[in-house]
Amino acid sequence: MATPDRELLSRTARNAIRGLMSGLVAGAIGEYWENEHFAPAPGFIPGEGGVRKQLFDSYAASVDWTDHDHVTRALRVFESMLRRLDRESRKYGGDGLPADTVADLREAFARDGCRLDDDLRLHTARVAHLVVHADALSEASGIQAELELERVRRFGADYPDDAIGAAKQLIEATAKLVLLKRNLPVDERQDLPALIKQARQALHLHPAAVPPTRTGGSPDSAESIKRILETESPSAQKGSLPGAHLL
């Protein structure tokens, strides 16, 4: 069963911008969207809110929030809106966007791996996009590959702890999937190195599973293969993520 595409920018972050639309003239709202080549969604049915919020909604409805290009352009729209609101406030004697508003915006966008800087620019994690087809993966395995890889992509640069946690969960889920597909028991209490070892044994990729049929110093000798398949590596022994050298 395929994992549904996940929105790259949450409704929480989008609504944080939407809530500020009463401070912009309608012409500016349309201009910023159209500058990034968006148009109102055909057949859009207005919901709650004033004219300017409904105008914002009509353009936002045309964005594919699961598409990286669409979201990148939409973030530029949001930047322009925020900077315009800030300029308008200062133009008429204010101090710019209120500090509590900026704090709320930062919190909303941070959940999606975006950082709002002091110049009201939005920055996303600069990690190469990873794609995986998980159609053949069993739901029973508990693995959600697209979601975990997306977390790595989003958080890798600015939130390394979260990226490492996502990678660890993906490795753990993959090992469990191997065991399930081989009709082997899965012990939820096992730590990650033990799960990896058991999965590799199930796939006959553990050093102990290499038959001693080849000898000598050739690259494909049994001893060479065993060294390649060693579970522990120097980096793992120094405290890196267990099993990360297998990726």
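How many salt bridges does the count come to? The count comes to ten salt bridges, and three of these pairs serve as stops on this tour of what is a predicted model.

**Confidence**

Before selecting any side chain, colour the model by pLDDT: the protein averages 77, and 64% of the residues score at least 70. Select residues 139-143, where pLDDT stays under 50 and for which the model has eleven contacts beyond four places in sequence. Then move to residues 231-247, a stretch where the pLDDT is again below 50 and which has 22 contacts in the model beyond near neighbours in sequence. Where pLDDT is low, the predicted coordinates should not be read in detail.

**R18 and helix α1**

Next select R18, which lies in helix α1, residues 11-18. Is R18 buried or exposed? R18 counts as buried, because its relative accessibility is 18% and the cut-off for burial is under 20%. Show its side chain together with that of D57, and the two are seen to meet in a salt bridge, at 2.7 Å from N to O. Since R18 belongs to helix α1 and D57 to helix α3, the pair ties together parts that are 39 residues apart in sequence. Both R18 and D57 are buried.

Keep R18 selected and add E48, whose backbone oxygen is reached by the side chain of R18 at 2.7 Å. If neighbours within four places in sequence are left aside, the residues in contact with R18 are E48, G49, K53, F56 and D57.

**Two further salt bridges**

Select R14 and E7, which form a salt bridge whose closest N and O atoms are 2.9 Å apart. Here R14 is buried, with a relative accessible area of 8%, whereas E7 is partly exposed, with a relative accessible area of 35%.

Move on to E79 and R121, whose side chains meet in a salt bridge at 3.3 Å, N to O. Because E79 lies in helix α4 and R121 in the loop between β1 and β2 (122-124), this pair ties together parts that are 42 residues apart in sequence. E79 counts as buried at 12% relative accessibility, while R121, at 34%, counts as partly exposed.

**The nonpolar cores**

Which residues have the most contacts inside the largest nonpolar core? Select L9, I17, W33, F56, F78, M81 and F109, which hold that place in a core of 33 residues. The elements giving two or more residues to this core are α1, α2 (26-35), α3 (51-60), α4 (68-91), α5 (99-110) and β1 (114-116). Of these, α4 supplies the largest share, namely eight residues.

Centre the view on M81, which, with neighbours within four places in sequence left aside, is in contact with I17, M21, L24, I29, Y32, W33 and F56. Another core, of six residues, lies apart from the largest one, and A175, L195, A199 and A202 are among its members.

**Q198 in helix α8**

Finish at Q198, whose place is in helix α8, residues 192-202. Not counting residues up to four places away in sequence, Q198 touches L179, P185 and Q190. Add L184 to the selection and draw the C-alpha to C-alpha distance from Q198: the two residues are 14 residues apart in sequence and 9.4 Å apart in space.

How values were computed
Residues numbered from 1 in each chain as written. Predicted model: local features only at pLDDT ≥ 70, side-chain atom pairs only at ≥ 80, totals over all residues. Heavy atoms only, no water. Helix = DSSP H or I, 4+ residues; strand = E, 2+ residues; numbered from the N terminus. Buried < 20%, exposed > 50% of the residue type's maximum accessible area, 1.4 Å probe, protein only. Polar contact = N/O pair within 3.5 Å; in protein donor to acceptor, adjacent residues only side chain to side chain. Contact = heavy atoms within 4.5 Å. Core = buried A, V, L, I, M, F, W, Y, C linked by side-chain atoms within 4.5 Å. Salt bridge = Lys/Arg side-chain N within 4 Å of Asp/Glu carboxyl O. pLDDT = per-residue confidence, 0-100.
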